[in-house]
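Please keep the viewer open and follow the selections below in the order given, pausing at each stop before moving on to the next.

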Amino acid sequence: MANKRTLDTDLPPAYEPSGIEEHWYKYWEEKGYFHANPDSGNPPFSMVIPPPNITGVLHMGHALNNTLQDIIARRKRMEGYEVLWIPGTDHAGIATQNVVERNLKNEGTSRQEIGREAFIERVWEWKKEYGGTIIRQLKRLGCSCDWKRERFTMDEGCSLAVRTVFKRLYDEGLIYRGKYIINWCPRCHTALSDVEVEHEEKSGHLWYIRYPFEDGEGHISVATTRPETMLGDVAVAVSPEDERYLISVGRTVILPLVGRRIPVIRDEFVDPNFGTGAVKVTPAHDPNDFEIGIRHKLEQINVMTEDGRINENGGRYSGLDRYDARKAVLEGLRREGLLEKVEDYDHAVGRCYRCGTEIEPYLSTQWFVKAKPLAAPAIEAVKVGRTVFIPKRWEKVYFEWMENIRDWCISRQLWWGHRIPVWYCKKCGRELVEIEEPERCPCGSVEIEQDSDVLDTWFSSGLWPFSTMGWPENTRELEVFYPTSVLTTGFDIIFFWVARMMMLGLHCMGDVPFREVFVTALVRDYEGKKMSKSSGNIIDPIDIIEKYGCDALRLTLASIAVPGRDINLSEERIEGSRNFANKVWNAARLVLSNTTDFDSHETEFDADALDISDRWILSRMRSAVGAVRNALDRYNMSVACKSIHEFFWGEFCDWYLEIAKPRFYKGSKEERQKAQWVSLRVLECSLKLLHPFMPFITEELWQQMPGSGESIMISSVPRESEFAFDGEAEKTMEIIKSAVTGIRSARSEHGISPSIKISVSIVCDERNKKALKENSSYIMSLAGIEELSFPNSTPTGDFDVRVVAEGGIEAYISTGRGLARSEEIERLKKKLRKAVVELERVSSKLENPEFVKKAPVEIVEKEKRKSSELLEQKRKLLEQIAALGGD
């Protein structure tokens, strides 16, 4: 059990997270609270962490995603579930290889010089030294993962799963090797799948080139954005519907600069409205041309090397870089009078998602997964609701991609990664696919060589939900915890990862990998801009934790995580959450310092014996518990945070504790005990509600609670049934709050110092009068009133201020020192003029459709709130001026 400590030594005036966070995280780990027991008998709840790259450090995207997962995990434990949250990291093929290659370059060597085996050893050494950085940072964030089950996509178990799936898919005819146009990165020297290519609009040109007919009579013009690839042209194609070229089909043209004879053909793919309506066909350097070439049995001429240079098939241009070759080809066309014209043209250019190099469509022999047979069950599973996306609109994005899926290129020309489990016999040429390395070919030869390529990183990541639980073995974890309950992930990897897990999970396990997919948004800066080093707007989560504490960061991220909307983050927001943490701390100090003489186990009160404020706060506690439960059931963390904040700060601290203070200090023994009992109950429940969001401060305070148990983390979640709804108490307190708020506002607006005792006459209907009279002591204490009366009609004597509060309550305030009405009226009119000017400015903004359309949602919402506040301020000022006899 944790050590209970004395209030004086352990609860300083302000919350200081340093030291506390490390202490409690270590305590939770030592107690084994994060570790799941499949044989506990508790209902299972499971998640797998989206494995961050071993090259990575914690950024705000990680912080958001893992904070939300941890909130879910902690809440589910408190609900009585056996929670398995599996952590781990991804080997990140290209990224990790690039890091180690840069290190080698700095040492004056390269991977080619040291060889494959030595290079792989260097990567493992790097992983051992630096690969755990992000795991340590996740612990700083408070993530309650089952670290005893931490996995790595290239550990022994995951590697066995990868080889097993590869062989199974190969044996089923779903993996094949073939020539195909792939996305090739000349910098990384590897193939990329379609989703690993990032497209951007680029201002370029459309060059019109004349291809002379062989018979010398005229020419046909084609338009292209890539003139250097014409060196590999094997045909010119036109649309069958294009009447302009009917007499040209079947004729032969001479390929400029090369002299090759190529035919003019018809193909349905050609768009007659693009360029001249005639296009060059280069099957080895364009995916659409590749398909045209297959249909027409055209030759495939590759004119480039793997590093983006023109090869021997490019004739006089051999050896030139692709961009230099473009310039040389265009110059050659100009000299021969074959460059007809040039137009400006914007088009999409694909870049490597890792290094940013412009990719090259490249004809290459690669390994592929037949995607459509795997995609069909994955599409159906979502359509029938076996897996549900939250928010649901992401299902449409998922369907659009899956229904138009192409075969998945899974081979990568790298050294770091899962080496493809295929061996080739040098003697008989046989292709051997095995889970374990074979000693010899069935022909008897021992001269076998393994394929040099590795698998796409996303292949091993696609097995993550079941490989991490021990598959292909039939483990107890798989029996109890598969399928996982929910996957929390960013929308940017729905294609990379979610779709692959769905396909492979259904195929290998016969069931979906997760019941729900909770899609998180992108974290942007306060102005809605994407965070980037070049923009200088990155907020480092570790720096924030050092400055404000982990709980402040977590609460901020959760409170602005509105489903389906990007998050605009600012340091000011985090500071506000730190202030809330201090509010929680100080409220707990107040309660705990005034309950040291109270034994909550020996004293209990029936509702009938409680004060109206007691019954009200317990009833409001019930509502808060229900609101938080409903929000978390829908993964709406923002609403849950708002509900807790409004209850704890707006009702418990601002009202109940203010009412309770006189009872703590000057009340009778019974009144003091009632306030003590209720305060402790509400504080205990509030800490439980807050714990998933703010685990460290709630644990520190929980340990000070009388009879709290060994940890808040394993306490039970609050239930609505623990608190009674009291409609009458809620109505009465609303009346009291309305009167007090009105009088307090009048004090503030009229510059009446809190130290000045005032006389107040309240006029209202009989029901409200009864409620206010019975609780007049609260009103007098909270509003600083010396004399309070309830006349049946408007007072005839002098009064300084008239207030109209909610519920038709009128309060007539006298200060005893008099307020010059004419001066007060002029003061209010000045405020009114200022409010009207500001209201006109805000209204002008909101009436501008361009502002509403282009401004960040956060800014538009802020202006709308400001407009509502100004309208209310205008209404109140007009009322006050009228009450004082102004016009």
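Begin by selecting Phe580, Phe648, Trp649, Phe652 and Tyr656, which ring pairs link into a cluster. The model in front of you is a predicted one, and the count of aromatic pairs in it comes to 32.

One of these pairs deserves its own selection: Trp394 and Phe491 are stacked, with 5.3 Å from centre to centre and 10 degrees between the planes. Colouring by secondary structure shows Trp394 in helix 12 (residues 394-403), while Phe491 belongs to the loop between strand 22 (484-490) and helix 16 (494-509), so the pair ties together parts that are 97 residues apart in sequence. Are the two partners buried or exposed? Trp394 counts as buried, at 13% relative accessibility, whereas Phe491 is partly exposed, its relative accessible area being 29%.

Stay with the rings, but now add charges to the selection. Show Arg111 together with Trp415, and you will find the charged end of the arginine over the ring, 4.7 Å from the ring centre. Then show Arg744 with Trp655, where the charged end of Arg744 again sits over the ring, in this case 5.1 Å from its centre.

Next, select residues 727-749, which make up helix 24, and display the sheet on which this helix packs. The sheet is open and consists of four strands in the order 27-26-29-28, with mixed pairing. Strand 27 (785-789) and strand 28 (801-805) are at the edges and have a single partner strand each, so one side of either strand is left without a neighbour in the sheet. From one strand to the next, the twist averages 25 degrees. Helix 24 touches strand 26 (758-763), strand 27, strand 28 and strand 29, and its direction makes about 40 degrees with that of strand 29.

Within the sheet, zoom in on strand 28 and strand 29 (residues 809-814), which run antiparallel and are joined by five bridges. A useful residue to label here is Val804, which stands opposite Glu810 in strand 29.

The last stop is Asn775, located in the loop between helix 25 (766-774) and helix 26 (776-783). With a relative accessibility of 9%, which is under the 20% cut-off, Asn775 counts as buried. What does the side chain of Asn775 reach? It reaches the backbone oxygen of Ala771, at 2.9 Å. Leaving aside residues up to four places away in sequence, Asn775 touches Ile612, Thr732 and Ile736, so these three can be added to complete the view.

Conventions. Residues numbered from 1 in each chain as written. Predicted model: local features only at pLDDT ≥ 70, side-chain atom pairs only at ≥ 80, totals over all residues. Heavy atoms only, no water. Pairing = 2+ DSSP bridges. Helix = DSSP H or I, 4+ residues; strand = E, 2+ residues; numbered from the N terminus. Axes fitted to C-alpha atoms, helices over the stretch in contact; angles between N-to-C directions. Contact = heavy atoms within 4.5 Å. Buried < 20%, exposed > 50% of the residue type's maximum accessible area, 1.4 Å probe, protein only. Polar contact = N/O pair within 3.5 Å; in protein donor to acceptor, adjacent residues only side chain to side chain. Phe/Tyr/Trp six-rings, centres within 6.5 Å; stacked < 30°, edge-to-face > 60°. Lys NZ or Arg CZ within 6 Å of the ring centre and 35° of its normal.
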